[in-house]
Amino acid sequence: MEDLSSVLNTLVVVAAVAALAPLIVSLLPGPRVPQIVLLIIGGIVIGPQGFGLADPAALNLVATIGLGLVFLLAGYELDPAVFGQRAGRLALIGWVITAALAAGLVGGLEAVGFVHAFVPVAIGLTTTALGTLLPILRDHDLLAGRFGSYVMAAGAVGELLPIVGIAIFLSAHNQFVGIISLALVGVLAVILTLAPRLARGTRIERILKEGEHSTSQTTLRFSIVLLLFLLAVAAQFGLDVVLGAFLAGMVLRRWAPGDTHSLEEKLDAVGYGFFIPVFFVASGMNLDVKSIIEAPLRLLVFFVLLLVVRGLPSLFVYRRALSMTQRVQMMFITATTLPLLVALAEIGLRNGTMLPQNAAALVGAGVLSVIVYPAVAVAIGARRAAREQAEPASPGSPREPGEAGEASPDGPRVDPAAP
């Protein structure tokens, strides 16, 4: 009974932090701070290193589901067809350059004894937090037009390929078994995409459609089953749960090709309404603030490396696709990361390859990237919009490449009104 009481008390405090975060964001003066930042700070305040109002161990299951929903929504946003388009090809080129930079720089840091976990740190520097960025990008209309298609492609690659790297290099088994496990889970995901065809034209399909918007909520319930199933399968194969969640999102997109908007609204409500905020609050509660305070240089080094390794290649890769202003925005957007850094830190600590201070500094750098980098990208976009309003272009003047609102020849236009 005491355990149940402890869990409920923790959930009450965490739910209060999640509910207050949007109110505080709206009341704060100046540029709007991402809610995620306040959720993490709130976790620090109520956690063991703050006032000790909540027990992070009581949140393990709920936080894991929240992490899964972050990556499910990211996978749901990913259209695999983008990899055959110019935006996808440039995103892949940019990530390969990033991976090479990460290998060289982290290898140098390992040689001087600054890091002792080459693989997780190197993978961490190649990530982009698309799932974390989505609400920020939506709120500020940065997913519109051609620029939005390039952002989505870069974000998707920055999540998918590092997840594959985790599955291969940091699985619970050796690399060969990791590759086999990854292939098996991938094949299972492909098979699951074909499942709706079995029910097409049958009574089961009619029942599912009839209950989709009723109290039965059939599509949402099966979506949650799919998520939990692939999380469990990934864990059973010794892979990180984020892989299962990302694949679940990609499968769901195929399950509801005619009504993606409705299902996405429901997943947003379930995820952002409770589970995802709990994950970020729990991340703050587990953050080793003491290690960061004792060695702040490590955090600053990782923070700068995220921009140099992940962001800087955007200035060169997109030079013929986007304007200079948009390339700078892309640089800061792609350098934003957090959830995968949390997962990588946990893996590194669990297998003993990562120093606690490096794990804390890596996650802290991710937190700082979420605070700073999207805000800079938004401010750059706002300044550009203000300049264009003050000096409207003449009717015959050419538009900059990739200007917001321009129809994209490289892929489907992203609806800026999407939730």
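Which helix is Leu160 found in? The legends below answer this and other questions about a predicted model.

**Figure 1. Leu160 sits in helix α7.**
Leu160 has a relative accessibility of 17%. Buried means under 20% relative accessible area, so Leu160 counts as buried. Which residues does Leu160 touch, leaving out those up to four places away in sequence? They are Leu78, Phe83 and Phe246. Take the pair Leu160 and Leu78. Along the chain they are 82 residues apart. In space their C-alpha atoms are separated by 9.6 Å.

**Figure 2. Helix α7 runs from residue 145 to residue 169.**
This helix has 25 residues. At 1.5 Å a residue, α7 should span 36 Å. The C-alpha atoms at its ends are 37 Å apart, which agrees. Of the 25 residues of α7, 22 are buried, so the helix is largely enclosed by the rest of the structure. Leu160 of Figure 1 is part of this helix and is itself buried.

**Figure 3. Helix α4 covers residues 86-111.**
How far apart are the end C-alpha atoms of α4? They are 38 Å apart, and 26 residues at 1.5 Å a residue should span 38 Å, so the two agree. Buried residues of α4 include Ala87, Gly88, Leu90 and Ala91. Gly94, Trp95 and Thr98 are also buried, as are Ala102, Val106 and Leu109. What covers the buried residues of α4? The cover includes α5 (118-124), α7, α15 (296-311) and α16. After α4 comes Gly113, which has a positive phi, near 85°.

**Figure 4. Gly104 is a partly exposed residue of helix α4.**
Its relative accessibility is 48%. Exposed means over 50% and buried means under 20%, so Gly104 counts as partly exposed. Where is Ala122 relative to Gly104? The two are 18 residues apart in sequence. From C-alpha to C-alpha, they are 9.0 Å apart in space.

**Figure 5. Val121 lies in helix α5.**
Is Val121 buried or exposed? Val121 is buried, with a relative accessible area of 1%. Not counting residues up to four places away in sequence, Val121 touches Val106, Phe302 and Met354. Val106 is among the buried residues of α4. In sequence, Val121 and Val106 are 15 residues apart. Their C-alpha atoms are 7.2 Å apart in space. This view links back to Figure 3, where α5 is one of the helices covering the buried residues of α4.

**Figure 6. The structure holds 1 cavity of 30 Å³ or more.**
Rolling a probe the size of a water molecule over the atoms shows where empty space is left. How much space lies in the largest cavity? It holds about 50 Å³. Its lining includes Ala91, Gly94, Trp95 and Thr98. Ala154, Arg310, Pro313, Ser314, Tyr318 and Thr334 also line this cavity. Helix α4 gives the most to the lining, with 4 residues. The lining residues divide into 5 nonpolar, 4 polar and 1 charged.

**Figure 7. Helix α18 covers residues 339-350.**
It has 12 residues. From first C-alpha to last, α18 reaches 17 Å, close to the 16 Å expected at 1.5 Å a residue. How many residues of α18 are buried? The number is 9 of 12, and the helix is mostly covered. The buried set starts with Pro339, Leu340, Leu341 and Val342. Ala343, Leu344, Ala345, Ile347 and Gly348 are buried too. Just after α18, Gly352 takes a positive phi of about 75°.

**Figure 8. The whole protein has 19 helices and 0 strands.**
Of its 419 residues, 51% count as buried. Consider contacts between residues at least 6 apart in sequence: 80% of them join residues at least 24 apart. How confident is the prediction? The average pLDDT is 82, and 89% of the residues score at least 70. Among the elements, helix α16 (residues 314-317) has the highest mean pLDDT, 96. Helix α9 (residues 195-199) has the lowest, 73. Over residues 397-419, pLDDT stays under 50. For that stretch the model has 51 contacts beyond four places in sequence.

Conventions. Residues are numbered from 1 along each chain as its sequence is written. This is a predicted model: local features need pLDDT of at least 70, side-chain atom pairs count only at pLDDT 80 or more; totals for chains, interfaces and linings use all residues. Side-chain values use heavy atoms; hydrogens and water are left out. pLDDT is the predictor's confidence in each residue, from 0 to 100. Helices (H or I, at least four residues) and strands (E, at least two) are DSSP runs, numbered from the N terminus. Contact means heavy atoms within 4.5 Å. On a 1 Å grid over the protein atoms alone, a cavity is a set of points where a 1.4 Å probe fits but cannot get out, and a pocket is an open set with protein on both sides within 12 Å along at least five of seven lines; lining residues have an atom within 4 Å of a point. Grid points are joined across faces, edges and corners, and a volume is the space filled by probe spheres set on the points. Ala, Val, Leu, Ile, Met, Phe, Trp, Tyr, Cys and Pro count as nonpolar, Asp, Glu, Lys and Arg as charged, and the others, Gly among them, as polar. Buried means under 20% relative accessible area, exposed over 50%, partly exposed in between (1.4 Å probe, protein chains only). The expected span of a helix is 1.5 Å times one less than its number of residues.
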